[in-house]
Amino acid sequence: MKESSINCVIFYFSQIVTGNTKRITEQIAEGLWSGGHCELIRLTKYQNDIKLIQGFPFEEYDLIGIGVPVYYFHPPYHILFELEHFPSLNGKKGFLFCTSGGNPGSTLYQMKKVLDKTGLKIIDGNDKWIGWDVHQLYARQKNSNGLYGWLPSSYGHPNEHELNQAKEFGRILIKKTLDPKISEKIDFWPHENASAKMWSWKGIQEWFPPFHLIKEKCTLCGLCAQICPWDAIILNPYPHWIKNCDRCYICHLKCPENAIKCDFSKQIEYLENLMKKSEKNKY
Ligand SMILES: Cc1cc2nc3c(=O)[nH]c(=O)nc-3n(C[C@H](O)[C@H](O)[C@H](O)COP(=O)(O)O)c2cc1C
Ligand code: SF4
Ligand code: SF4
């Protein structure tokens with residue numbers, strides 16, 4: 001393998017509202033382009049993604065990257081389930097990364113655990129990049145500009161420094177891919193805190209609020225169903241939530257008519273209490 005012949009592909013998921021992982025992915029690709037070729041594949045909807053993965057010519061690539069946002073201290077569950085569909089990747093090298101509001105938990109460890117079944121050798125990973133966190137849990141948080149609705153410490157991220165780091169990460173990956181003695185990265189953080197345990201796949205369905213449609217407001221525009229990454233909403237003719245999902249609440253956030261109601265009051269209380277406790281523990 002010559003340096004100029006490294007062929008890389010990065011699969012990534014990134015929400016349409018924030019696009020943090022997308023920005024980091026593009027910088028990693030920029031770094032990788034300095035020594036080879038890098039293709040970007042944006043994962044968007046569960047069924048389509050699986051078809052794409054199953055028909056993908058992995059044999060043409062030397063290095064396979066996967067990037068995600070962190071959801072509830074896990075990879076978004078639909079992506080974790082998609083990883084189960086990756087074919088045998090014996091002899092291939094890979095890398096993992098994520099963006100988070102500041103606490104990625106064991107996200108990369110969980111991804112590696114699934115990918116280990118494919119034989120992909122993970123040679124690097126980064127879970128330190130922060131991304132602007134706009135979860136509805138932060139509805140009562142105020143940032144330095146006096147604006148509400150996101151985790152204050154995540155505002156402005158990923159910043160210039162993080163984007164440069166991502167580019168450098170890409171450059172270093174070229175060297176690591178070319179190194180025949182490169183060892184597997186096995187030191188990903190494996191532990192789950194109490195909230196991570198509570199927010200298991202089953203746990204998030206029970207703990208987070210359900211969706212209520214205000215029919216009088218809904219114009220049947222279909223946007224919610226179109227943007228749901230889980231294909232969890234069908235129109236008949238009004239939207240129906242038909243299965244368990246990521247609880248990303250992008251349908252709720254993006255509805256142009258504000259026709260979807262979710263009551264986050266209990267969850268906001270829980271999070272604010274946690275934040276108060278961790279502030280106290282600092283001193
Ligand atoms: C549903 C949801 C759950 C999240 N859970 C966490 C979390 O457990 N820990 C954390 O640090 N950030 C969390 N975040 C923040 C995102 O990981 C962060 O904003 C990320 O950069 C979003 O990436 P994206 O813009 O590429 O989608 C969560 C965000 C959402 C929407
Ligand atoms: S996005 Fe809102 S208005 Fe459009 S179909 Fe969905 S609920 Fe109705
Ligand atoms: S919260 Fe809404 S957009 Fe997100 S996965 Fe569930 S149904 Fe789909």
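**Exercise 1. Determine which element gives the largest share of the shell around ligand 1, and describe that shell.**

Solution. The largest share, three residues, comes from α1. Helices (H or I, at least four residues) and strands (E, at least two) are DSSP runs, numbered from the N terminus. This is a predicted model, in which local features need pLDDT of at least 70 and side-chain atom pairs count only at pLDDT 80 or more, while totals for chains, interfaces and linings use all residues. Residues are numbered from 1 along each chain as its sequence is written, and chains are lettered from A and ligands numbered from 1 in the order in which they are written.

Next, consider the whole shell. Ligand 1 is surrounded by 23 residues, of which T18, T21, P69, G101 and G131 are the closest; a residue is near a molecule or strand if its C-beta atom, placed from the backbone, lies within 6 Å of it. Two or more residues are given by α1 (20-33) and by β4.

Finally, classify the residues. The shell holds eight nonpolar, 13 polar and two charged residues. Ala, Val, Leu, Ile, Met, Phe, Trp, Tyr, Cys and Pro count as nonpolar, Asp, Glu, Lys and Arg as charged, and the others, Gly among them, as polar.

**Exercise 2. Describe the residues that surround ligand 2 and ligand 3.**

Solution. Begin with ligand 2. Its shell has 13 residues, with C218, C221, L223, C224 and C255 the closest. By class, ten are nonpolar, two polar and one charged.

Then turn to ligand 3. Here 13 residues form the surroundings, and C228, A232, C245, C248 and C251 come nearest. Eleven of the shell residues are nonpolar, none is polar and two are charged.

**Exercise 3. Establish the strand order of the five-stranded sheet and identify the helix α4 that packs on the sheet.**

Solution. The sheet is open, with parallel pairing and the order β2-β1-β3-β4-β5. Two strands pair if DSSP finds at least two bridges between them. The edges are β2 (36-42) and β5 (121-130), each of which pairs on one side only. Neighbouring strands are turned by 15° against each other on average, direction ignored. Axes are lines fitted to C-alpha atoms, for helices over the stretch in contact, and angles run from 0 to 180 degrees between N-to-C directions.

Within the sheet, β1 (residues 6-12) pairs with β2 in the parallel sense over seven bridges, and F11 stands opposite I41 in β2.

The helix α4 (residues 107-115) packs on the sheet and touches β3 (63-69), β4 (93-100) and β5, its direction making about 150° with that of β4. Two residues are in contact if their C-beta atoms, placed from the backbone, lie within 7 Å.

**Exercise 4. State the domains of the protein and characterise their contact.**

Solution. The domain assignment gives domain 1 (3-178) and domain 2 (195-282); such bounds come from an automatic or database domain assignment. The centres of the two domains, taken over C-alpha atoms, are separated by 23 Å. To the contact, domain 1 contributes 18 residues and domain 2 contributes 18 residues. On the side of domain 1 that touches domain 2, α2 (46-54) and α3 (77-83) each supply at least two residues. That side divides into ten nonpolar, six polar and two charged residues.

**Exercise 5. Locate the cis peptide bonds that precede P158 and P237, and place Y72, whose phi is positive.**

Solution. The bond from H157 to P158 is cis, with omega near -5°. P158 has its place in the loop between β5 and α5 (160-178).

The bond from N236 to P237 is likewise cis, with omega near -25°. P237 lies in the loop between β7 (233-235) and β8 (239-241).

For Y72, a residue other than glycine, phi is near 55°. Y72 is found in the loop between β3 and α3.
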